[in-house]
Amino acid sequence: SSIFQMAPLPMGFLYDSVGPRICSIVANALVGIGCIIFANAQTLNQFIIGASVFSFGGAGIQFSLVHLRNLFPAFQNLVMSGIMGMITLSFGILPLMGAIWEKFNVDFRTLFEVHGTI
């Protein structure tokens with residue numbers, strides 16, 4: 001959570017420097033790479049690195065999504081509320097992953113590899 005709170009400053013600089021498209025690509029790549037590192041981690045330090053990388057990328061994704069409202073000038077507030085709702089609902093994947101892990105005995109590496117691929 002500390003990384004997610006600190007990430008907006010460098011991601012904001014990236015967003016201002018190269019625009020929302022490149023910022024979104026970089027942020028999504030960081031989330032994917034973080035999930036892969038997390039899924040293949042063997043030590044606590046590797047888990048921390050993986051979680052930090054995908055937390056850092058999450059802020060950039062959020063910045064890039066805010067720009068989408070400019071594409072729909074007549075519905076800017078509707079688009080923003082939809083985006084914020086989707087971000088909030090996306091946190092629901094973690095309890096779902098926990099349920100899949102417990103019920104179907106799928107290991108966390110497989111879960112995070114699939115999550116990182118999606």
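Modeller: Before we look at any loop, a definition: a helix here is a DSSP run of H or I with at least four residues, a strand is a run of E with at least two, and the elements are numbered from the N terminus. Please keep in mind that this is a predicted model.

Colleague: How many helices and strands are there in the chain?

Modeller: The chain has seven helices and zero strands, and from the N terminus on its elements therefore read α-α-α-α-α-α-α, given that numbering. Along the principal axes, the C-alpha trace spans about 45 × 30 × 25 Å, and 21% of the 118 residues are buried.

Colleague: How much space lies in the largest pocket, and which residues lie nearest its centre?

Modeller: The general idea is that rolling a probe the size of a water molecule over the atoms shows where empty space is left. In this model the largest pocket holds about 1200 Å³ of space, and among the 35 residues that line it, V31, G58, I61, S90 and H115 lie nearest the centre. At least two lining residues come from each of α3 (20-39), α4 (44-66), α5 (76-90), α6 (93-104) and α7 (108-117). By type, the lining of this pocket divides into 21 nonpolar residues, 13 polar ones and one charged.

Colleague: Which residues form a nonpolar patch on the surface?

Modeller: Residues enter such a patch with over 30% relative accessible area, which is the cut-off to remember here. The patch consists of L68, L71, F72, F75 and L78, which together have about 520 Å² of accessible area. L68 sits in the loop between α4 and α5, and because its relative accessible area is 33%, L68 counts as partly exposed.

Colleague: Where is Q62 found, and how far apart are the C-alpha atoms of Q62 and G32?

Modeller: Q62 belongs to helix α4, and with a relative accessible area of 27% this residue is partly exposed. Although Q62 and G32 are 30 residues apart along the chain, a separation of 15 Å is found between their C-alpha atoms.

Colleague: What is the phi of N105, and is N105 buried or exposed?

Modeller: As a general guide, most residues other than glycine have a negative phi. N105, which is not a glycine, nevertheless has a positive phi of about 60°. N105 is placed in the loop between α6 and α7, and its relative accessible area of 67% is why N105 is classed as exposed.

Technical notes:
Residues are numbered from 1 along each chain as its sequence is written. This is a predicted model: local features need pLDDT of at least 70, side-chain atom pairs count only at pLDDT 80 or more; totals for chains, interfaces and linings use all residues. Side-chain values use heavy atoms; hydrogens and water are left out. On a 1 Å grid over the protein atoms alone, a cavity is a set of points where a 1.4 Å probe fits but cannot get out, and a pocket is an open set with protein on both sides within 12 Å along at least five of seven lines; lining residues have an atom within 4 Å of a point. Grid points are joined across faces, edges and corners, and a volume is the space filled by probe spheres set on the points. Ala, Val, Leu, Ile, Met, Phe, Trp, Tyr, Cys and Pro count as nonpolar, Asp, Glu, Lys and Arg as charged, and the others, Gly among them, as polar. Patches are made of residues with over 30% relative accessible area and no salt bridge: like charges are joined within 9 Å, nonpolar side chains (Val, Leu, Ile, Met, Phe, Trp, Tyr) within 5 Å. Accessible areas come from the Shrake-Rupley method with a 1.4 Å probe; for residues, only the protein chains shown count as cover. A salt bridge is a side-chain nitrogen of Lys or Arg within 4 Å of a carboxyl oxygen of Asp or Glu. Buried means under 20% relative accessible area, exposed over 50%, partly exposed in between (1.4 Å probe, protein chains only).
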